[in-house]
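Here are a few exercises to try at your own pace. Have a go at each task before you read its solution.

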Amino acid sequence: MQKPIQAFLSVLLLTLLAAGGRAPQAEAGDNYFLYLPLINKPGLCPTSSANSYAAGGALQYDQDIPPRPAGAHADKALDLRGYTGTTATLALVSIGPVAPDQPPQLAALFNPNRLPTFSAAYRANNWQWAPSPAPGIPGGPIIDWPVTVLGLATTPGEALQVPSSGYDLGGGMAVIVIYADADSIALKYTREDSGATGYTVHVDHICTDPNLLALYNSLDTGARYVYHGAADGNVDYNLPNLPALAVFGTARDTEIRVAIVDTGAYMDPRSCGDWWKTVGCP
């Protein structure tokens with residue numbers, strides 16, 4: 001689907017071509033009006049915050065030499081990987097066998113916990129990797145599941161929280177932030193700075209808390225982009241650490257988009273017995 005400005009330019013071009021490549025000549029007394037399409041502005045994001053955040057240890061895991069920038073890493077930046085709309089049931093589905101542990105619970109994105117309206121379904125793209133530090137290019141949609149990115153209905157401006165889980169990084173922390181920009185975040189449930197281990201929750205179409213984004217940007221440099229050798233369990237550098245239910249941003253508009261990855265594989269966010277246990281799923 002064309003973006004609004006692209007559609008407008010296409011219509012304008014066709015209009016000029018129909019007029020012989022020039023604007024029509026006005027006759028005396030004629031009034032001409034140009035009707036522009038309404039271009040919806042994204043919700044305004046806060047520019048300040050009362051929230052505070054801490055840095056904590058992260059382990060380099062990926063074997064990219066040199067380390068690939070997080071913004072050019074399709075396992076960290078969902079916007080880079082991209083996703084496309086699809087037609088699917090916009091309701092909880094039963095997919096078995098369910099996770100035996102307590103994986104991230106998506107109802108806890110909200111306060112209080114709730115089962116939101118599922119507003120849209122999407123499929124994340126596969127990725128064709130290039131030698132680091134080049135990012136590579138997207139492939140076709142992932143088809144392992146009918147849905148791999150799920151739209152959740154929100155109220156613009158409502159707070160968004162780190163989903164709770166049965167995992168603990170120590171020191172009261174639940175996740176590290178392996179990627180953040182102004183409108184998306186990737187929350188990792190182990191200390192490896194990688195989407196290839198454990199659970200990662202991606203949340204897109206948000207307003208990332210400005211204090212959290214500033215901290216992330218200050219840490220996304222230096223030692224993170226030095227190759228430290230084989231993964232050995234030693235802390236290599238710091239990234240933001242957040243406890244469960246910490247606010248990481250707000251809803252930008254009437255929909256946020258959520259993806260959940262398990263050890264590098266995109267899962268179906270509608271799965272009742274995996275990601276929605278706290279709202280009564282068995």
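**Exercise 1. Find the partner of arginine 68 in a salt bridge, and decide whether the two residues are buried or exposed.**

Step 1: A salt bridge needs a side-chain nitrogen of Lys or Arg within 4 Å of a carboxyl oxygen of Asp or Glu. Arginine 68 meets this with aspartate 64, where the closest N and O atoms are 3.4 Å apart.

Step 2: Buried means under 20% relative accessible area, exposed over 50%, and partly exposed in between, with a 1.4 Å probe and protein chains only. Arginine 68 and aspartate 64 are both buried.

Before you go on, note that this is a predicted model, where local features need pLDDT of at least 70 and side-chain atom pairs count only at pLDDT 80 or more, while totals for chains, interfaces and linings use all residues. Residues are numbered from 1 along each chain as its sequence is written, and side-chain values use heavy atoms, leaving out hydrogens and water.

**Exercise 2. How many salt bridges does the structure hold, and which residues do they join into one network?**

Step 1: The count is eight.

Step 2: Aspartate 75 pairs with arginine 81, with 2.7 Å between the closest N and O atoms, and both residues are buried. Glutamate 255 pairs with arginine 257, again with a closest N and O distance of 2.7 Å. Glutamate 255 counts as buried because its relative accessibility is 11%.

Step 3: Shared partners link Lys76, Asp193, Asp220 and Arg224 into one network of salt bridges.

**Exercise 3. Work out what surrounds the side chain of aspartate 181, which is buried yet has no salt bridge.**

Step 1: Locate the residue in strand S7, residues 175-181. Strands (E, at least two residues) and helices (H or I, at least four) are DSSP runs, numbered from the N terminus.

Step 2: Look for opposite charge, counting Lys and Arg as positive and Asp and Glu as negative, without His and the chain ends. The nearest such side chain, arginine 252, is 7.1 Å away.

Step 3: Look for polar contacts, meaning pairs of N or O atoms within 3.5 Å; within protein, one must be able to donate a hydrogen and the other to accept it, and residues adjacent in sequence count only if both atoms are side-chain atoms. The side chain of aspartate 181 makes one with the side chain of tyrosine 179 at 3.2 Å and another with that of serine 184 at 2.7 Å.

Step 4: Beyond its neighbours within four places in sequence, aspartate 181 is in contact (heavy atoms within 4.5 Å) with Asp79, Thr208 and Leu213.
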